[in-house]
Amino acid sequence: MRRRLVISYLLLMVLVLIALETPLAATLASRETERVRADRLADATRFASLAGPALRGGVPGPLNNELDSYDDLYGIGAAVVDRDRRTVVASASWRPAPGTRAALDVALSGQQASGPESVWPWLDGPIVVAVPINDGGEVLGAVVTTTSAATVRRTVTTWWLVLTAAGLLAVLACVLTAFGLAGWVLRPVTELDVVTHEIAEGDRNARVQHRLGPPELRRLAASFNNMADAVSDVMDRQRAFVAHASHQLRNPLTALRLRVEELGTTLTDPDGRTEHRLALEETDRLALVLDALLTLARAERTENLRVTVDAAAIAASRVAAWDPLARRRSVTLRLAVGDAPAYARTVPTAVDQALDALIDNAVKFSGAGGEVTVAVRHGDGGTSLEVRDTGPGMTASQLDQATERFWRAPEVQNIDGAGLGLTIVAVLVDASDGRLTMRPNSPRGLSATLWFPAPPDAGDAPPAPSDGR
């Protein structure tokens, strides 16, 4: 943006310089040419006053010496011609030049002639001046001079070079000033862009300096900071409310469950016992929802702190932790990982919690006789952890909605769960600058892949300890 602003300033400056210096350059060329033409007209007029007797008597007299001296002194050829265009007297260097005939036609008609109007650096023609010789109102002939325009061209070229140098200096000054001015104007905008990206990446404490740039942009920066403070405060309040509500509801929910359990001893009717069992299941389900909401609030509140972990070691620990439940449900849980560490750079506990949610879903939906495989490998500049199952899987439309809060597929509404597991995984992965990819497994089931970036010093730094949940 700064480059475009400087180019616009520079273009405006160049247009102004062209508008000012072009007429000035033309004026300088015309003035220098006019000065030389005026001198030659004065000289030719003096020769014309001396040429009258020569033309009347046919005797050159002192005119011949005058023209020779003039030629020797100034190097300007001059000649006197009669009304029939015959040369009466001429200096040694006199040679007819282009434009001489036209100038003589004007002079023999009784008027002075001189040309060209302006000498330009790219033209090499001479300056021709012709003055009529009058005697009592009768034109007897004309005096014509031809002056080389080289001196005038050099003078005009010098002036034009001076103007060009002045213009270049002005352009340079304009560029330097434009860069400074553009930097002053755009510095708040640049900082606003940087801070906006930082906030979008999760740094909600980033703010813009509101004491830079013009007053309008200062007000914009202050308004942006106020907006960022308000948004951050609202998000903090929202997450705090979810966390506090989830936490505070656990105690009355626990008390409610105890009371419902105590009622079971007093129930003798089979229908009552069935309703009692369903009530206990609903309280357990509500407890799971509150736990998931609390976990989600904590995950969303996680700052951009990064730790280096050994994803392979964490995967092994989580498979070992979930293996008893998998065996109880007749599900085979396998681990495919190499001997070398697989370092990843994530927010704290991201790998642990994400694997817990994915393995829980895989074991839950695979059913008896199913298989769940957790694979760890390097690739794409980071570490990938894939959880594959042989459950019912999801359709393409269901995969698009899987990370929405409280969403559950219609056919699994009666299975335990709050619909927040994949949402928590997506939040943790996004906070770690990673990726969550889900696709159908072959021949059936679901494949969920977590990718986390590798740390710059993956080969040297030891991994941070995991919480080992």
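## Ser366, the nonpolar cores and a cavity

The side chain of Ser366 comes to 2.6 Å from the backbone oxygen of Ala362, a polar contact (N or O atoms within 3.5 Å, one able to donate a hydrogen and the other to accept it; residues adjacent in sequence count only if both atoms are side-chain atoms). This is a predicted model, where local features need pLDDT of at least 70, side-chain atom pairs count only at pLDDT 80 or more, and totals for chains, interfaces and linings use all residues. Residues are numbered from 1 along each chain as its sequence is written, and side-chain values use heavy atoms, with hydrogens and water left out.

Ser366 sits in helix α8 (residues 350–366), helices being DSSP runs of H or I with at least four residues, numbered from the N terminus. Ser366 counts as buried because its relative accessibility is 11%, and buried means under 20% relative accessible area with a 1.4 Å probe, protein chains only.

Here are the contacts (heavy atoms within 4.5 Å) of two residues, leaving aside neighbours up to four places away in sequence:

| Residue | Contacts |
|---|---|
| Ser366 | Val331, Glu371, Val372, Asp389, Thr390, Gly391 |
| Leu355 | Ile314, Ala315, Arg318, Asp360, Val374, Leu385, Val387, Leu450 |

Leu355 is also among the residues that touch the most other members of the largest nonpolar core, which has 37 residues. Such a core is a set of buried Ala, Val, Leu, Ile, Met, Phe, Trp, Tyr and Cys residues joined through side-chain atoms within 4.5 Å. Apart from it lies another core of 23 residues, including Ile76 and Val156.

Definitions and conventions:
Helices (H or I, at least four residues) and strands (E, at least two) are DSSP runs, numbered from the N terminus. Buried means under 20% relative accessible area, exposed over 50%, partly exposed in between (1.4 Å probe, protein chains only).
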